[in-house]
Amino acid sequence: MAERPAKSPIAGHLVYRHNRITRLTHWISGLALIILFMSGLQIFNAHPYLYWGSTSDPDKAFLSIAASQDDGDVRGFVDLYGRKIDTTGFLGVQQGVFGPFARAFPSWLTVPGYYSLAAGRRWHFFFGWLFAISGVVYLIYNLAVGHIRKFLFTLRDAKSVPAMTAYYLHIRKTSPQQGEYNPLQKMAYTGVFVILAPLILLSGMAMSPQLNIAFHWLPALFGGRQSARTVHFILAFGFLFFFLGHLFMVLTQGFLNNMRSMTSGWYKEKVPVVIESTAQASPPEAAPVSSKQEAEKINEAES
Amino acid sequence: MKLNRKLSRRNLLIGGLQAASLVVLSGCEKMFDSLSQNKNVQSLLELAENGSRRAQRLLTRRNKLAKEFEAKDISPKFRANGNPPPITMDYTTDAQNHWTRWRLEVSGLVKQPASFSLADLQAMPSRTQITRHDCVEGWSVIGKWKGVRLEEIINRVQPATDARYVVFRCMDTDSDGLNYFESIDMIDAVHPQTILAYELNDRPLPIDNGAPLRLRVENQLGYKHAKYIRALEFVSSLDKIGQGKGGYWEDQGYEWYAGI
């Protein structure tokens, strides 16, 4: 094991980027999120109204998705704070075998496709457990091996956000990236792990009558049960936003390389990475260079 | 010409992508539809129900109370849901006569089977609570309930040691003539806020909300709160009740444990 200079690995070399637990929980929670989102829309369809507060007085909904009939022409509407937006063809109304029928989110967006609150709930709670468990496993393991701090967004990162944005927009030629994750990546992942995931779990649990008894503060945290339901709904679209951004980045920033790193763990470096200490690990192919102590640790653990 | 070909190739590509995504989407929809009707998949998903019940009960101190609200929080209208009220002659005439003929029959695995009139129940110690009602559909209303604690009835009829559930037999029926029924276990039955309510918002229980008697079980969703109750039955197992799932909605796929 020869000592390596601090500025390594060289571009083009393989590094062990994602440990086994990260890869496993990534795919489990990814699948869970898709099903949670779609079964969540199925559940929402049972009462396509959103409110703030504890209760749901019918005339106090700030958002509703409904169909209305005008001269035999059935049209779908989203009503947001009194502003009616015609969404025929997507939200509020759907074409069926027997003509148009009222349906908030269309069947191609829900799990199952046919209307069934009971089935939607079964999918939702099973994958809710799976999502929570895989999240906890991920967190405990990666806190223990020190992986989390590599992408924890700090004040220092905040300063280089504009530079990184400029780099992505091709305004700036060089990347301000230091370490494995760039500031925008850190912002996205920290947002998901510290804000989005905990809050979506808490707002979901705040809707459970039994947990409302166990923890009176839980619905109060969001301003009442209906507010918790609204927050849960909004955060779900936060996840959708992250998911689409994530997908876009994976597809445009070297799809095969990204897929290799999230399946086998090995990622081909594009830019030299500054790292504090180095160590060599036994790689699965050829003779790539591993940069991390962590990689060695994990390889030991896995062999 | 060249530009045209490029454009048409691009159109072809976009059209292809659209077609592919449609196929994928409708394929996904069909897959989830068939998985939702697959018995093995569904019994796997149902594992979550037991997990939820155990975990949530572990987190809740026994007999801890649901939040009770103040009079100012009461919703202007207590929304009614589910089957329409019973329309039999017996029911409607008795409703007009202030329930002089109605009786609550208590039977099953009990040492002292009993039958109570509404006046009997009203003469027992009562409990009043302003609580939030959460429907499985997603809406919530707050109402003030007055009734007799179910534990009060339990103490009078003395269930046998193998009695594990209370089944609620109801007078309302669906469009197929099937009677509503529900069940809770003894842990929830003796909870201090589990009451058989005969008053809503300081008035006799309205017909829409389950007159003359309905259940309040504050740790669970609305469909557990049986309305139009006519009898209680103490049983050791739910296998022979309805289709064996313990309730009208449960037989149609909803969870028996509705604390979530």
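**Exercise 1. Surroundings of Asp172(B)**

Determine which residues Asp172(B) is in contact with in this predicted model, leaving aside its neighbours within four places in sequence.

*Solution.* Begin with the position: Asp172(B) belongs to strand 5 of chain B, which spans residues 165-173. Next, list the contacts beyond the sequence neighbours: Asn83(B), Pro84(B), Pro86(B), Leu178(B), Asn179(B), Tyr180(B), Lys227(B) and Tyr228(B). Then examine the side chain of Asn83(B), which is joined to that of Asp172(B) by a polar contact of 3.3 Å. Finally, consider charge. Asp172(B) is buried but has no salt bridge. Its nearest side chain of opposite charge belongs to Lys227(B), at 6.4 Å. A salt bridge requires a nitrogen-to-oxygen distance within 4 Å.

**Exercise 2. Packing of two helices in chain A**

Establish how helix 1 and helix 9 of chain A are oriented, and which residues make the contact.

*Solution.* Two packed helices are described by the angle between their axes and the distance between the axes. For helix 1 (residues 20-45) and helix 9 (residues 255-263) of chain A, the angle is about 110° and the axes are 8 Å apart. Angles of 65 to 115 degrees count as roughly perpendicular, so helix 1 of chain A is roughly perpendicular to helix 9 of chain A. On the side of helix 1 of chain A, the contact involves Thr22(A), Arg23(A), His26(A) and Trp27(A). Helix 9 of chain A contributes Met259(A), Ser261(A), Met262(A) and Thr263(A).

**Exercise 3. Salt bridges and their exposure**

Describe the salt bridges of Asp57(A), Asp86(A) and Glu152(B), with the accessibility of each partner.

*Solution.* The structure holds 19 salt bridges over all chains; three are treated here.

1. Asp57(A) pairs with Lys60(A), their closest N and O atoms lying 3.7 Å apart. Asp57(A) is buried at 13% relative accessible area, whereas Lys60(A) is exposed at 56%.

2. Asp86(A) and Arg75(A) form a salt bridge with an N to O distance of 2.7 Å. Because Asp86(A) is in strand 5 (residues 83-86) and Arg75(A) in strand 4 (residues 73-80) of chain A, the pair ties together parts 11 residues apart in sequence. Asp86(A) is partly exposed at 38%, and Arg75(A) is partly exposed at 30%.

3. Glu152(B) and Arg156(B) meet at 3.1 Å, N to O. Both lie in helix 6 (residues 150-157) of chain B, four residues apart, so about one helical turn separates them. Glu152(B) is partly exposed at 22%, as is Arg156(B) at 38%.

As a last step, look for shared partners: Asp73(A), Arg75(A) and Asp86(A) are joined by salt bridges into one network.

Definitions and conventions:
Residues numbered from 1 in each chain as written. Chains lettered and ligands numbered in written order. Predicted model: local features only at pLDDT ≥ 70, side-chain atom pairs only at ≥ 80, totals over all residues. Heavy atoms only, no water. Buried < 20%, exposed > 50% of the residue type's maximum accessible area, 1.4 Å probe, protein only. Lys, Arg positive; Asp, Glu negative; His and termini not counted. Polar contact = N/O pair within 3.5 Å; in protein donor to acceptor, adjacent residues only side chain to side chain. Contact = heavy atoms within 4.5 Å. Axes fitted to C-alpha atoms, helices over the stretch in contact; angles between N-to-C directions. Parallel < 35°, antiparallel > 145°, perpendicular 65-115°, else oblique.
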